[in-house]
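Here is a short briefing on one protein model. Look over the sequence and the structure first, then read the points below.

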Amino acid sequence: MRGVAKADLPTKTCATCGRPFTWRKKWERVWAEVKYCSDKCRTLKSNKTSSR
């Protein structure tokens, strides 16, 4: 088997919805900066903070 098993990939918790999400290849260089599991959560978070 090539690569790493999905169960062995690093995980984080989404800052908006609180659900866990796993590392993705497209986040390889910016994994330390990733806070949200999806564009939808990122958008919802920015709307919540801008309305205050």
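The notes below go from the overall layout to the core, the rings and the charged pairs.

This is a predicted model. The protein has 52 residues, and 15% of them count as buried. One helix and two strands make up its secondary structure. The largest nonpolar core has seven residues, and the search for salt bridges finds two.

**Overall layout**

- Along the sequence, the elements follow the pattern β-β-α.
- Strand E2 covers residues 20–22, and helix H1 covers 39–50.
- A loop lies between E2 and H1, and tryptophan 31 is found there.
- The protein exposes about 4,600 Å². Carbon and sulfur atoms supply 50% of that area.
- Take the contacts with a separation of 6 or more: residues 24 or more positions apart account for 15% of them.

**The nonpolar core**

- Which residues form the largest nonpolar core? They are Cys14, Phe21, Trp27, Trp31, Val34, Cys37 and Cys41.
- In soluble globular proteins, nonpolar side chains tend to be buried together.
- Cysteine 14 is a member of this core. Neighbours within four places in sequence aside, cysteine 14 is in contact with Arg19, Phe21, Lys35, Tyr36, Cys37 and Cys41.
- Among those contacts of cysteine 14, Phe21, Cys37 and Cys41 also appear in the list of core residues.

**Cysteine 41, a core residue in the helix**

- Cysteine 41 belongs to the core and is found in helix H1.
- Is cysteine 41 buried or exposed? Cysteine 41 counts as buried because its relative accessibility is 6%, and the cut-off for buried is under 20%.
- Beyond residues up to four places away in sequence, cysteine 41 touches Cys14, Thr16, Cys17 and Tyr36.
- Cysteine 17 is 24 residues from cysteine 41 along the chain. Their C-alpha atoms are separated by 6.9 Å.

**Aromatic rings**

- How many aromatic pairs does the structure hold? There are three.
- One of them joins phenylalanine 21 and tryptophan 31. This pair is edge-to-face, with 6.0 Å centre to centre and 75 degrees between the planes.
- The pair links distant parts of the chain. Phenylalanine 21 sits in strand E2, tryptophan 31 sits in the loop between E2 and H1, and the two are ten residues apart.
- Both phenylalanine 21 and tryptophan 31 are buried.
- Ring pairs also bring in Trp27, giving a cluster of Phe21, Trp27 and Trp31. These three residues are likewise listed in the core.

**Around tryptophan 31**

- Why does tryptophan 31 count as buried? Its relative accessibility is 16%, and buried means under 20%.
- Tryptophan 31 is in contact with Pro10, Thr11, Lys12, Phe21, Thr22 and Trp23, leaving aside neighbours within four places in sequence.
- What sits over the ring of tryptophan 31? The charged end of lysine 12 does, 4.7 Å from the ring centre.
- Proline 10 is 21 residues from tryptophan 31 in sequence. Measure C-alpha to C-alpha in the model, and they are 9.5 Å apart in space.

**Salt bridges**

- The whole structure has two salt bridges.
- One joins glutamate 28 to lysine 25, with the closest N and O atoms 3.1 Å apart.
- Glutamate 28 is partly exposed, at a relative accessible area of 45%. Lysine 25 is exposed, at 57%.
- Aspartate 39 and arginine 42 form a salt bridge through their side chains, at 3.0 Å from N to O.
- Where do aspartate 39 and arginine 42 lie? Both are in helix H1, three residues apart, which is about one turn of the helix.
- Aspartate 39 is exposed, with a relative accessible area of 53%. Arginine 42 is partly exposed, with 45%.
- Arginine 42 is also placed against a distant stretch of sequence: threonine 16 is 26 residues away along the chain, and the two C-alpha atoms are separated by 7.4 Å.

Conventions
Residues numbered from 1 in each chain as written. Predicted model: local features only at pLDDT ≥ 70, side-chain atom pairs only at ≥ 80, totals over all residues. Heavy atoms only, no water. Core = buried A, V, L, I, M, F, W, Y, C linked by side-chain atoms within 4.5 Å. Buried < 20%, exposed > 50% of the residue type's maximum accessible area, 1.4 Å probe, protein only. Contact = heavy atoms within 4.5 Å. Phe/Tyr/Trp six-rings, centres within 6.5 Å; stacked < 30°, edge-to-face > 60°. Helix = DSSP H or I, 4+ residues; strand = E, 2+ residues; numbered from the N terminus. Lys NZ or Arg CZ within 6 Å of the ring centre and 35° of its normal. Areas by Shrake-Rupley, 256 points an atom, 1.4 Å probe, with all protein chains shown as cover. Salt bridge = Lys/Arg side-chain N within 4 Å of Asp/Glu carboxyl O.
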